[in-house]
Amino acid sequence: MRKMNRLFATLMSTALILGSVNAAPFLTVNAEGSYSEEDGAEGNYEDNGYLNEKIADADDYARYRETVKRVSGERGTPNNGYIPYHPPIVTSGEDADEEVYGLEPYYNSVDEGFITTAKDQDDSGMCWAFATVAASEANLVKNKIADVSKVDLSEIQLAYFTYHPRTADDPVGGLNGDNVTYKGNYYDDGGNEWFTMMSLSQWVGLADESVAPFNDYDAESVLPAELEYDAAIYKLTNGRYTDMTQINRVKNLVKTYGAVVGSMGYYSRYYDSANHSYYGDNYNDFTEGPNHAITVVGWDDNYSKSNFKVEPPEDGAWIVKNSWGSYWGSNGLFYLSYYDEIVNDRDITAIAYICEDGDTYDNNYQYDGGQESDSFMANKGDYIANIFTAKMSSCEKLEAVDAFFISENVSYSVQVYLNPDEGDPTSGTRMLGTPVTGTTDYAGWYKIPLNDEVYLNKGDKYSVVITFESDDAYYGIDTDFIEDWWYTFDVTCHPGESFHYLASENTVFDLEQNDAVARIKAFTTDVDRKYITSVTLDRDTYYCNNTARRPGVTVKYNDKKLTLKKDYTVSYKNNVKAGTATVIVKGHGKYEGTITKSFKILPSKVVYRLYNPNSGEHFYTLSEPERNNLISVGWRNEGIGWYSSTDGDPVYRVYNKNAGDHHYTLSKAEIDNLVSLGWTYEGIAWYSPKEKLQPLYRVYNPNCTGAGSHHYTVSLPEKETLVLVGWKDEGIGWYGIN
């Protein structure tokens, strides 16, 4: 939606400040203006599949056409900055219960520190780009990839390259020949969050604001071609979307990913400036439709319906970040009723953008350079596949694949084949020992990391094959689309690139015959880096103390010592309980490779510490029943004294029945002497590890003639305190486990 003019906005801001004494509180962020038009319509299911004269006479494709169903998105009419659009989605239509997601009645990503300051789209029609950037920034901050106080991404770069012909070649070349022709003015006429998701999936953005500042450009500006791909410092690898009417599912997206982009119909007659709230109850029998993109950052189930101009049926509202500056609303935020008639009854979509650091992967192999939404159906046993050719360096590592699913609850498996035969994606060499499996929870882009290392030499062909494990599974395709009054997407398809295997026909169909490609991508990294050569642990044996054991590592490339985080990362597995633990060192930055080392965690036992407030004696035992019995007769439980090994040097225990005192020592001679004086030998109390890990300090009270004359502790401050008040330091009695 286009923003109101600056003078009116300023006056409105002043009125809001004066009239907001009783407004519900927000933290801080931002907002936008007004317009009207037709809304988007529901997705259209067609049972006749491909509708293309090019293949109408082919017997194979005639059978395919009868088998494969299609679901497409629908769009409304562009007006004042937003083009209503409802992408295809195949869903159960049932909102998940709150308990499924563990949702609280109130959540706000602003409170969590994920939301950047609200920006001002000024008099442009680019609410759709501002909302997309805002949601992407929130996701980057939530995932600790970007700093909320520093990240500032360019809306103009995203909007411009979403709507302009490809001015630069796709770095990998898969999108060369794909084009968009826009009939209007990208700065004023508008767009939507679906188009931006597809642009971002092609790695057209996200760029820093400094390379294309919003205030430096207008509708006549031409952005440099090098900003199309090369300027992206963050890249989209995942995306999820659902209907806004699925309130709990939208909430889950907001909480999981930081924010979502949605849309609404903004008409000033419904806005309550005192409470920064919005609810529309009668949109002229729906002749007015969604006209504005927004960023949903939270919700409040208890937000009172009395805070709206006209009361909605129930309490509850979305917390929304707008794109009209922080002076609008409450620091750019406002409340949008769950029950607003356009949001609640129209096919409004909520999209979460999931982004990564732009350096995570070097290359994006892809063929889907358009932004149209279309899909085909697959059944169990069918597969789709794209065949790519490695070309970016002498060696690349295939790290992950990306696929677009229209359906929720699709079960799938992924396999990669090296150098398949022409037209047969599943020939060639299987590269994954076990296929990667998964199930979609939402419609959208799914990045699927591989569980095996796949290396590609320059010139290698490789197929990414996604097999469906469930029926009625819709997947995204890209194809040409012409809208005379709006835009044209021209997707260049070539034979041998994209396929659909129909299990029912036992036939592989080349989607080029329908001028279509499957939305499948492959992410690789260039492997011209050095491989780490050695990893040394500073210890290879520990005792269990029920905390994570993390030996230090020395990592080298030949004789050069590498730096943690800069050159490599370290992770640990099975490093708490007794057994064999693993250290995993992975090269980072200029270094590649993974080296694993194992170490032992030996079993141990807990030594309990108790105190008798009557006699002043401290008592120590491995026996839980003995501990519990003493507690029952008045001894004070002081928790865990230390951990002992299960072997090593024995620590002996004797008891003086006259004084009621226990004594513990490593010295057999000391034990024999005490026994000769009438003490009772009670056997081995525990063991002291030969590694001499945790000192057990022994002190003696020369003024005590009864029980409690000796004390034992792992705490150096406790020992030193007792010495200061007259106890005698007797050194280290034995050792425990640190």
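Buried residues, meaning those under 20% relative accessible area (exposed is over 50% and partly exposed lies in between, with a 1.4 Å probe and protein chains only), make up 57% of the 738 residues in the chain. This is a predicted model, in which local features need pLDDT of at least 70 and side-chain atom pairs count only at pLDDT 80 or more, while totals for chains, interfaces and linings use all residues. Residues are numbered from 1 along each chain as its sequence is written, and side-chain values use heavy atoms, with hydrogens and water left out.

**The whole chain**

Start with the entire chain in a cartoon view, where there are 11 helices and 50 strands; these are DSSP runs numbered from the N terminus, a helix being H or I with at least four residues and a strand being E with at least two. Then switch to a surface view: the chain exposes about 29400 Å², of which carbon and sulfur atoms supply 46%, the areas coming from the Shrake-Rupley method with a 1.4 Å probe, and for residues only the protein chains shown count as cover. Of the contacts (heavy atoms within 4.5 Å) with a separation of 6 or more, 76% are between residues 24 or more positions apart.

**Helix α4 and the cores**

Next select residues 127–142, which form helix α4. At 1.5 Å a residue its 16 residues should span 22 Å, and the end C-alpha atoms are 22 Å apart, which agrees; the expected span is 1.5 Å times one less than the number of residues. Helix α4 is mostly covered, since 15 of its 16 residues are buried, and it is followed by Lys 144, whose phi is positive, near 60°.

Now colour Met 126, Tyr 186, Tyr 278, Trp 318 and Tyr 462, which have the most contacts inside the largest nonpolar core, a set of 151 residues. The largest share of this core, 10 residues, comes from α4. A nonpolar core here is a set of buried Ala, Val, Leu, Ile, Met, Phe, Trp, Tyr and Cys residues joined through side-chain atoms within 4.5 Å. A second, separate core has 16 residues, including Ile 532, Leu 537, Tyr 542 and Val 553.

**Two buried residues**

Select Leu 206 in the loop between α6 (193–201) and β9 (234–243), where its relative accessibility of 1% means that it counts as buried. Leaving aside neighbours within four places in sequence, Leu 206 is in contact with several residues, among them Val 133, Ser 136, Leu 153 and Cys 355. Add Asp 357 to the view: Leu 206 and Asp 357 are 151 residues apart in sequence and 9.9 Å apart in space, C-alpha to C-alpha.

Then move to Asn 248 in helix α7 (residues 247–257), which counts as buried at 10% relative accessibility. Not counting residues up to four places away in sequence, Asn 248 touches Asp 95, Ala 96, Asp 97, Glu 98, Tyr 101 and Leu 103.

**Salt bridges**

Side chains of opposite charge can pair when their charged atoms come close. A salt bridge is a side-chain nitrogen of Lys or Arg within 4 Å of a carboxyl oxygen of Asp or Glu, and a search of the whole structure finds 24 of them.

Stay with helix α7 and show Lys 255, which forms a salt bridge with Glu 104, the closest N and O atoms being 2.9 Å apart. Glu 104 lies in the loop between α3 (98–101) and β6 (106–108) and Lys 255 in helix α7, so this pair ties together parts that are 151 residues apart in sequence. Glu 104 is partly exposed at 26%, and Lys 255 is partly exposed at 27%.

Show Asp 441 and Arg 240 next, whose side chains meet in a salt bridge at 3.9 Å, N to O. Because Asp 441 lies in the loop between β23 (436–439) and β24 (443–457) and Arg 240 in strand β9, the pair ties together parts that are 201 residues apart in sequence. Asp 441 counts as partly exposed at 38%, whereas Arg 240 is buried at 8%.

Finally, select Lys 119, Glu 137, Asp 152 and Glu 155, which are linked in a network of salt bridges.

**A patch on the surface**

Return to the surface view and select Val 675, Tyr 681 and Ile 684, which make a nonpolar patch of about 240 Å². Patches are made of residues with over 30% relative accessible area and no salt bridge, with like charges joined within 9 Å and nonpolar side chains (Val, Leu, Ile, Met, Phe, Trp, Tyr) within 5 Å. Tyr 681 lies in strand β47 (residues 680–688) and is partly exposed, with a relative accessible area of 39%.
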